[in-house]
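Reader: I am a first-year student, and I would like a close look at a single part of this model. Please take me through the second helix and its surroundings.

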Amino acid sequence: MDSVIQDLKQFAKIKQKNAQKTIIENSTNVKVRTSDTALAVNLLLLLQVLVAILVSLEIL
């Protein structure tokens, strides 16, 4: 099952975009970088659950 999950992860390309505004008071020339991986993690978890169901039904 792990090899199936690894194969599916290789084919899964997840792109996401997150727009937000961050205000830092009393600061100038500050750069802020954030990352939002919650959606990607949820999709991969859903994929793993789907594979587990297929394996339990002996489809894979």
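Author: Start with a definition: a residue is buried when its relative accessible area is under 20%, and exposed when that area is over 50%. Keep in mind that this is a predicted model.

Now apply the cut-off. Val51 sits in helix α2. Its relative accessible area is 2%, so Val51 is buried. Burial can be put in context here: of the protein's 60 residues, 5% count as buried. Val51 also has a partner from far along the chain. Asp2 is 49 residues away in sequence, yet the two C-alpha atoms are 9.6 Å apart in space.

Next, the helix itself. The protein has two helices and zero strands. Helix α2 covers residues 38-56, which makes 19 residues. What span should those residues give at 1.5 Å a residue? The expected value is 27 Å, because the rule takes 1.5 Å times one less than the number of residues. The end C-alpha atoms of α2 are 27 Å apart, so the model agrees with the expectation.

Now look at the outside. The protein exposes about 5800 Å², and carbon and sulfur atoms supply 55% of that area. One nonpolar surface patch has about 480 Å². Leu45, Val49, Ile53, Leu57 and Ile59 make this patch. Look at the numbering with a helix in mind. An α-helix has 3.6 residues a turn, so residues three or four places apart point the same way.

Follow the patch past the helix. Leu57 belongs to the segment after α2. Its relative accessibility is 57%, so Leu57 counts as exposed. Glu58 also follows α2, and its phi is positive, near 60 degrees.

Finally, step back to the stretch before the helix. A loop lies between α1, residues 2-11, and α2, and Asn26 is found in it. Phi of Asn26 is positive, near 60 degrees, although the residue is not a glycine. Asn26 has a relative accessible area of 82%, so it is exposed. Asn29 lies in the loop between α1 and α2 as well. Its phi is positive too, at about 55 degrees, and Asn29 is not a glycine. At 81% relative accessibility, Asn29 is exposed.

Put the pieces side by side. Val51 in the helix is buried at 2%, whereas Leu57 is exposed at 57%.

Notes: Residues numbered from 1 in each chain as written. Predicted model: local features only at pLDDT ≥ 70, side-chain atom pairs only at ≥ 80, totals over all residues. Heavy atoms only, no water. Helix = DSSP H or I, 4+ residues; strand = E, 2+ residues; numbered from the N terminus. Buried < 20%, exposed > 50% of the residue type's maximum accessible area, 1.4 Å probe, protein only. Areas by Shrake-Rupley, 256 points an atom, 1.4 Å probe, with all protein chains shown as cover. Patch = residues over 30% accessible without salt bridge, like charges linked within 9 Å, V, L, I, M, F, W, Y side chains within 5 Å. Salt bridge = Lys/Arg side-chain N within 4 Å of Asp/Glu carboxyl O.
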